[in-house]
Amino acid sequence: MKTKRPTPSAPQIQRWCIVIFAATCVLLPRVAAAQGLTGTLIGMVRDEQRAVVPGGQVRVTSTALIGGPRTMPTSEAGQFRFPNLTPGSYRLDIERQGFASYHEEDIRIGAGATLERTVVLKVAGVAESIVVQDPARAPKPETAGLKPASGRSTSERSPRGGTACSI
């Protein structure tokens, strides 16, 4: 024997339609966001000994980027994150005092993509020289490849009594 189901009334159908509509309004944007119309670039900056580099200036630029380049410092853990990047080709620049600059071009970010970069900064070479010379050991004009201008006394030719030399 079959049991007969009760037919829903019009108010019940309206309530179910409202519940389904509300759930769709709440869930549909989340599903669309998960699909993603933008991409994300994340990364970590380390030195050659694999230690993290906090406080580095990270910049991304692209013709696809609305509002111009974006800049942020690396975190205490040496990390950076650029969310909501319009799909396109990007350039990544990282600078930190005491390190050589890092530059990477043609990073392609697609819709819904998350790209990760681990960047190793090299210590910048410091070229510095200091010359300390003892005046007592200063080379004499003759030993430095200089010779007197003539056989006459230099006091006769130089008004200040100095040495006149020719190279």
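**Exercise 1. Determine how many helices and strands the protein has, and in which pattern they follow one another.**

Solution. Start with the count: the protein has 2 helices and 9 strands, where helices (H or I, at least four residues) and strands (E, at least two) are DSSP runs, numbered from the N terminus. Next, read along the sequence, and the pattern that appears is α-β-β-β-β-β-β-β-β-α-β. Before going further, keep in mind that this is a predicted model, in which local features need pLDDT of at least 70 and side-chain atom pairs count only at pLDDT 80 or more, while totals for chains, interfaces and linings use all residues. Residues are numbered from 1 along each chain as its sequence is written, and side-chain values use heavy atoms, with hydrogens and water left out.

**Exercise 2. Describe the sheet that contains β1, and say which strands are its edges.**

Solution. First find the order: 3 strands form an open sheet, β4-β1-β7, with mixed pairing, and two strands count as paired if DSSP finds at least two bridges between them. The edge strands, each of which pairs on one side only, are β4 (79-85) and β7 (114-121). Ignoring direction, neighbouring strands of this sheet are turned by 15 degrees against each other on average; the axes behind this angle are lines fitted to C-alpha atoms, for helices over the stretch in contact, and angles run from 0 to 180 degrees between N-to-C directions. Then look at one pairing in detail: strand β1 (residues 39-47) and β7 run parallel and are joined by 8 bridges. Leucine 41 has leucine 115 of β7 opposite it.

**Exercise 3. Work out the strand order of the antiparallel sheet, and follow the partners of β2.**

Solution. The order is β3-β2-β5-β6, an open sheet of 4 strands with antiparallel pairing. Its edge strands are β3 and β6 (102-109), each pairing on one side only, and the average turn between neighbouring strands is 20 degrees, direction ignored. Now take the partners of β2 one by one. Strand β2 (residues 57-61) is joined by 4 bridges to strand β3 (residues 70-73), and the two run antiparallel; here valine 58 stands opposite methionine 72, and valine 60 stands opposite arginine 70. To strand β5 (residues 88-95), β2 is joined by 5 bridges, again in an antiparallel arrangement, with glutamine 57 opposite glutamate 95.

**Exercise 4. Find which residues are linked in a network of salt bridges, and state whether aspartate 93 is buried or exposed.**

Solution. The structure holds 4 salt bridges, a salt bridge being a side-chain nitrogen of Lys or Arg within 4 Å of a carboxyl oxygen of Asp or Glu. One of them joins the side chains of aspartate 93 and arginine 59, at 4.0 Å from N to O. Because aspartate 93 lies in strand β5 and arginine 59 in strand β2, this pair ties together parts that are 34 residues apart in sequence. Aspartate 93 also forms a salt bridge with arginine 91, whose closest N and O atoms are 3.0 Å apart. Arg59, Arg91 and Asp93 are therefore the members of the network, linked by salt bridges. As for accessibility, buried means under 20% relative accessible area, exposed over 50%, and partly exposed in between (1.4 Å probe, protein chains only). Aspartate 93 counts as buried because its relative accessibility is 12%, whereas arginine 59, at 35%, counts as partly exposed, and arginine 91, at 34%, counts as partly exposed.

**Exercise 5. Identify the salt-bridge partner of glutamate 104, and say where the two residues lie.**

Solution. The partner is arginine 117, with the closest N and O atoms 3.1 Å apart. Glutamate 104 is in strand β6 and arginine 117 in strand β7, 13 residues apart, and the pair links distant parts of the chain. Glutamate 104 counts as buried at 18% relative accessibility, while arginine 117 is partly exposed at 23%.

**Exercise 6. Locate arginine 50 and asparagine 84, and give the phi value of each.**

Solution. Arginine 50 is in the loop between β1 and β2, and its phi is positive, about 70 degrees, although it is not a glycine. Asparagine 84 belongs to strand β4, and its phi, also positive in a residue other than glycine, is near 55 degrees. Arginine 50 counts as exposed at 60% relative accessibility, and asparagine 84 counts as exposed at 52%.
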